[in-house]
Amino acid sequence: MTSRTLADFLGTWDVTRSIRQDDGGEGQFKGTAEWRLEDTGALYSETGHVWLGGQGPFLAERRYRWAPDLSVFFDDGRLFHQIPPQGGTVAHWCPPDQYDGVYDFAEWPVWRVKWRVDGPRKAYVSSTLYTRAGT
């Protein structure tokens, strides 16, 4: 399997995400994500609309900073996780919630990320599909 580098992600991607709460609630996100070079890494900016529990759409945005080694950081500089270049599992402890993820690059340039979040504040599965914009 091919290893991914930061350069592989640069540009604009269409994003579709499903969210399934453990209590039976469902939601979805549709939008775009852009990776653009910044300093020694890249800025990830995601913008779109989210529908949760039959309500919405609501504008949703988030940003992360990616390092050349595929480490992902929150805006405040804290490490979120490091992506395995060939895909695979990642984890992040955000007290009191545990985030366990899987990156799947098997169908590149279509790729997926699935997060399972467990804790007293959050309990859901988020499945995200990325495709190159305009394809």
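Along β8, which side chains point to one face and are buried, and which point to the other and are not? The close-up views below start from that strand. This is a predicted model, in which local features need pLDDT of at least 70, side-chain atom pairs count only at pLDDT 80 or more, and totals for chains, interfaces and linings use all residues. Residues are numbered from 1 along each chain as its sequence is written, and side-chain values use heavy atoms, with hydrogens and water left out.

**View 1. The side chains of strand β8 alternate between two faces.** Asp97, Tyr99, Gly101 and Tyr103 point to one face and are buried, whereas Gln98, Asp100, Val102 and Asp104 point to the other face and are not buried. Here buried means under 20% relative accessible area, exposed means over 50%, and partly exposed lies in between (1.4 Å probe, protein chains only). Strands are DSSP runs of E with at least two residues, helices are runs of H or I with at least four, and both are numbered from the N terminus. In a regular strand the side chains alternate between the two faces of the sheet.

**View 2. Strand β8 pairs with β7 and with β9.** Two strands count as paired if DSSP finds at least two bridges between them. Strand β7 (residues 88-94) runs antiparallel to β8 over seven bridges, with alanine 91 opposite aspartate 100 and cysteine 94 bridged to aspartate 97. β8 and β9 are also antiparallel, over seven bridges, and tyrosine 103 has valine 113 of β9 as its bridge partner. The hairpin from β7 to β8 goes through two residues, while the hairpin from β8 to β9 goes through six.

**View 3. Two cis peptide bonds can be found in the loops on either side of β8.** The bond from proline 95 to proline 96 is cis, with omega near 5 degrees, and proline 96 sits in the loop between β7 and β8. The bond from tryptophan 108 to proline 109 is cis too, with omega near 15 degrees; proline 109 belongs to the loop between β8 and β9.

**View 4. Two residues other than glycine have a positive phi.** Most residues other than glycine have a negative phi, and most peptide bonds are trans. Aspartate 39, in the loop between β2 and β3, has a phi of about 55 degrees. Leucine 70, in the loop between β4 and β5 (71-73), has a phi near 70 degrees. Their surroundings contrast: aspartate 39 counts as exposed because its relative accessibility is 78%, and leucine 70 counts as buried because its relative accessible area is 1%.

**View 5. The largest nonpolar core has 29 residues.** Such a core is a set of buried Ala, Val, Leu, Ile, Met, Phe, Trp, Tyr and Cys residues joined through side-chain atoms within 4.5 Å. Trp35, Trp66, Tyr103, Trp111 and Tyr130 touch the most other members. At least two residues each come from α1, β1 (11-21), β2 (26-38), β3 (41-52), β4 (55-66), β8 (97-104), β9 (111-118) and β10 (123-132). β9 gives the most, with four residues. Leaving aside neighbours within four places in sequence, tryptophan 35 has contacts (heavy atoms within 4.5 Å) that include Phe9, Trp13, Tyr44, Trp66, Trp111 and Tyr130. In soluble globular proteins, nonpolar side chains tend to be buried together.

**View 6. Glycine 41 is a buried residue of strand β3.** Glycine 41 counts as buried because its relative accessibility is 7%. Not counting residues up to four places away in sequence, glycine 41 touches Leu6, Arg36, Trp66 and Pro68.

**View 7. The largest pocket is lined by 31 residues.** On a 1 Å grid over the protein atoms alone, a pocket is an open set of points where a 1.4 Å probe fits, with protein on both sides within 12 Å along at least five of seven lines; lining residues have an atom within 4 Å of a point. The volume is about 650 Å³, taken as the space filled by probe spheres set on the points. Arg17, Arg62, Tyr64, Trp115 and Tyr124 lie nearest the centre of the pocket, and β4 gives the most to the lining, with five residues. The lining divides into 20 nonpolar, five polar and six charged residues; Ala, Val, Leu, Ile, Met, Phe, Trp, Tyr, Cys and Pro count as nonpolar, Asp, Glu, Lys and Arg as charged, and the others, Gly among them, as polar.
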